[in-house]
Amino acid sequence: VQLQASGGGLVQAGGSLRLSCAASGRTFSSYAMGWFRQAPGKEREFVARIVWSASSTVYADSVKGRFTISRDNAKNTVYLQMNSLKPEDTAVYYCAAGPVGLRLRDEYDYWGQGTQVTVSS
């Protein structure tokens with residue numbers, strides 16, 4: 001599985017962005033998909049996860065109620081809708097795929113290249 005993240009950019013606090021992650025490979029629909037982020041000088045942290053059927057989602061407490069993860073298996077794409085953005089959301093955002101991906105980086109086998117999100121105050 002190859003992953004290509006896009007949709008990042010510069011936005012003012014309170015604004016919105018939608019990230020996309022396009023996957024190649026016929027096994028995409030069987031993988032759990034996750035979003036992680038890494039701010040300068042910090043470790044990569046879990047943001048959100050969605051199972052292959054889209055029947056279950058999990059969010060980090062810091063984004064719960066503001067971010068929404070979704071997927072379209074017909075398009076091999078997972079999305080991260082980010083609303084009410086805060087300066088502390090500034091980071092490089094990575095999508096990832098894994099057979100049983102949950103909150104830990106080690107649970108994901110494939111990673112995209114990352115897309116920069118910058119939120120100005």
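Modeller: Let's start with the term we'll lean on: a salt bridge is a side-chain nitrogen of Lys or Arg within 4 Å of a carboxyl oxygen of Asp or Glu. This is a predicted model, where local features need pLDDT of at least 70 and side-chain atom pairs count only at pLDDT 80 or more, while totals for chains, interfaces and linings use all residues. Residues are numbered from 1 along each chain as its sequence is written, and side-chain values use heavy atoms, with hydrogens and water left out.

Colleague: OK, how many salt bridges does a search of the whole structure find?

Modeller: Five. Four residues, Arg 37, Glu 45, Arg 66 and Asp 89, are linked in a network of them.

Colleague: What makes Arg 37 and Glu 45 a salt bridge?

Modeller: Their closest N and O atoms are 2.7 Å apart. The limit is 4 Å, so the pair counts.

Colleague: And what makes Arg 66 and Asp 89 one?

Modeller: Here the closest N and O atoms are 2.8 Å apart, so this pair is within the limit too. It links distant parts of the chain: Arg 66 is in the loop between β6 (57-59) and β7, Asp 89 is in the loop between β8 and β9, and 23 residues separate them. Strands, by the way, are DSSP runs of E with at least two residues, numbered from the N terminus.

Colleague: Why is Arg 37 called buried?

Modeller: Buried means under 20% relative accessible area, exposed means over 50%, and partly exposed is in between (1.4 Å probe, protein chains only). Arg 37 has 5%, so buried is the right word. Arg 66 at 11% is buried as well, and Asp 89 is buried with 1%. Glu 45 has 36%, which makes this residue partly exposed.

Colleague: How do you know that Lys 64 and Asp 61 form a salt bridge?

Modeller: Their closest N and O atoms are 3.1 Å apart, so they pass the distance test. Lys 64 is partly exposed at 49%, and Asp 61 counts as exposed at 66%.

Colleague: Then why does Arg 49 have no salt bridge?

Modeller: For this count Lys and Arg are positive and Asp and Glu negative, with His and the chain ends not counted. The nearest side chain of opposite charge to Arg 49 is Glu 107, 7.3 Å away, so the pair fails the cut-off. Arg 49 is buried all the same, and it lies in strand β5 (residues 45-50).

Colleague: What does the side chain of Arg 49 reach?

Modeller: The backbone oxygen of Gly 101, at 3.1 Å. Contact, meaning heavy atoms within 4.5 Å, gives a longer list. Leaving aside neighbours within four places in sequence, Arg 49 touches residues including Met 33, Val 58, Ile 69, Leu 102 and Tyr 108.

Colleague: What makes Cys 21 and Cys 95 a disulfide?

Modeller: A disulfide is a pair of cysteine sulfur atoms within 2.5 Å. These two are 2.1 Å apart, S to S, so they qualify. The structure holds one disulfide. Cys 21 sits in strand β3 and Cys 95 in strand β9 (residues 91-98), 74 residues apart, so the pair links distant parts of the chain. Both cysteines are buried.

Colleague: Why is the disulfide called right-handed?

Modeller: The torsion about the S-S bond is about 65 degrees, so right-handed is the label.

Colleague: How do you know that β3 and β8 pair?

Modeller: Two strands pair if DSSP finds at least two bridges between them. Six bridges join β3 (residues 17-24) to β8, so they pass, and they run antiparallel. In that pairing, Cys 21 stands opposite Val 78. Strand β7 (residues 67-72) also pairs with β8 in the antiparallel sense, over six bridges, and Asp 72 stands opposite Thr 77.

Colleague: Why is β8 described as largely enclosed?

Modeller: Five of the six residues of β8 (residues 77-82) are buried, so the rest of the structure largely encloses the strand.

Colleague: What is the phi of Asn 76?

Modeller: About 55 degrees, a positive value although Asn 76 is not a glycine. Asn 76 is in the turn of the hairpin that β7 and β8 form with four residues between them. At 21%, Asn 76 counts as partly exposed. Ser 84, in the loop between β8 and β9, also has a positive phi, near 50 degrees, and its 42% makes Ser 84 partly exposed.

How values were computed. A polar contact is a pair of N or O atoms within 3.5 Å; within protein, one must be able to donate a hydrogen and the other to accept it, and residues adjacent in sequence count only if both atoms are side-chain atoms.
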